[in-house]
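Visitor: Hi! Could you walk me through this one? I'd like to start with the ligand and then look at the helices.

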Amino acid sequence: MATTTTETKPNWFLAFVASSIGRKILMALTGLFLILFLTVHLAGNLYLLAPILGEVEQGRLFNEYAYFMGHNKLIQIVSIGNFAFILLHIIVSIWLTRSNIAARPVGYAYNSGNRSSWQSRTMMILGTIVLIFLAVHLPHFWAKSKFGGLEEITYNGVQMHNLYIATVEAFKQEWAVILYVVSMVGLAFHLYHGFQSAFQTLGLNHKKYTPFIKTLGFAYSIIVPFGFALIPILMYLN
Ligand code: HEM
């Protein structure tokens, strides 16, 4: 017994990732980080609605917010972590689903009544919808902001990207509005399942708190995607 402990110690991270529970914990932790990112992202994006609510210098609040986010050193580090976590979340999810499928007894999971495999397949489909959304979303705004292709605007002598105008132009297109709204439905279901299984994986199951966590997860997975969907709809209508 003592020999096994000494042998596995140096490779504890590899052993952790290679175990099914280790991968589940990684999925839960990266997922919870991304949930946090989405909350902050939505809060910042709400500045896009300020012109509709009467902002005099149309888009200034959003542009200054985006400028701050793009120039703050701490946020730049968090942003790298964000992309790393998105990548890790995707890689581990593929790994987990493959091992779930390989471990299923006979035939397809939903035929054999294997609930956890069925759930992970559903999560993969919903996650793919979110990934397709990101494949359109990131070139739309983030890539242009980082690699060029945006108009510039100056406020109080500070020149910055006019990301507000880029979003106005993007949401003039019906297909973009439809894509954002449909993707947010996929995101809502993905978050709903993800939120609950993350808490379950981390063992935060308690008679007293589980109903509250479930309600919180339910509210979060409706409010956040709804907020994201509302932005293109309102901008299109205005
Ligand atoms: C109305 C909906 C949304 C709008 C208007 C919006 C807008 C933007 C803009 C303008 C940026 C570029 C910021 C910059 O580089 O300065 C950005 C970045 C990003 N967005 Fe969104 N976004 C929306 C929804 C979403 C959703 C639902 C997700 C995830 C599922 C998402 C994921 C990201 C990511 C990962 C980045 C890169 C962030 C980073 O630099 O760390 N966005 N978004």
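Visitor: So, how many residues surround the ligand, and which are the closest?
Guide: Happy to help, and please keep in mind that this is a predicted model. The ligand is surrounded by 21 residues, and the closest are Ser79, Phe141, Trp142, Ser145 and Ile231.

Visitor: Which elements give two or more residues to that shell?
Guide: Those are α3, α4 (60-71), α5 (73-103), α7 (115-140), α8 (142-147), α9 (163-170), α10 and α11 (210-237).

Visitor: And how do the residues of the shell divide into nonpolar, polar and charged?
Guide: There are 13 nonpolar and eight polar residues around the ligand, and no charged ones.

Visitor: Let's move to packing. At what angle do α3 and α10 pack?
Guide: Helix α3 (residues 20-45) and helix α10 (residues 174-201) pack at about 130°, and their axes are 9 Å apart. The two helices are therefore oblique to each other. Their crossing is left-handed.

Visitor: Which residues make the contact?
Guide: From α3 you have Lys24, Ile25, Ala28, Gly31, Leu32 and Ile35, and from α10 there are Leu191, Gly194, Phe195, Ala198 and Thr201. By class, this contact of α3 with α10 has seven nonpolar residues, three polar and one charged.

Visitor: What about α3 and α11, what is their angle?
Guide: That pair packs at about 30°, with axes 10 Å apart. The crossing of α3 and α11 is left-handed.

Visitor: Which residues meet there?
Guide: Leu38, Thr39, Leu42 and Asn45 in α3 meet Val224, Gly227, Phe228 and Ile231 in α11. Five residues of this contact are nonpolar, three are polar and none is charged. Ile231 may ring a bell, as it is also among the residues closest to the ligand.

Visitor: Changing topic: are strands β1 and β2 parallel or antiparallel?
Guide: Antiparallel: β1 (residues 152-155) and β2 (residues 158-161) pair over four bridges. For example, Glu152 has His161 in β2 as its bridge partner.

Visitor: How many residues lie between β1 and β2 in the hairpin?
Guide: Two, and Asn156 in the turn has a positive phi of about 50°.

Methods:
Residues are numbered from 1 along each chain as its sequence is written. This is a predicted model: local features need pLDDT of at least 70, side-chain atom pairs count only at pLDDT 80 or more; totals for chains, interfaces and linings use all residues. Axes are lines fitted to C-alpha atoms, for helices over the stretch in contact, and angles run from 0 to 180 degrees between N-to-C directions. Angles under 35 degrees count as roughly parallel, over 145 as roughly antiparallel, 65 to 115 as roughly perpendicular and the rest as oblique. A crossing is left-handed if the near helix is turned anticlockwise from the far one by less than a right angle, and right-handed if clockwise. Two residues are in contact if their C-beta atoms, placed from the backbone, lie within 7 Å. Ala, Val, Leu, Ile, Met, Phe, Trp, Tyr, Cys and Pro count as nonpolar, Asp, Glu, Lys and Arg as charged, and the others, Gly among them, as polar. Two strands pair if DSSP finds at least two bridges between them. A residue is near a molecule or strand if its C-beta atom, placed from the backbone, lies within 6 Å of it.
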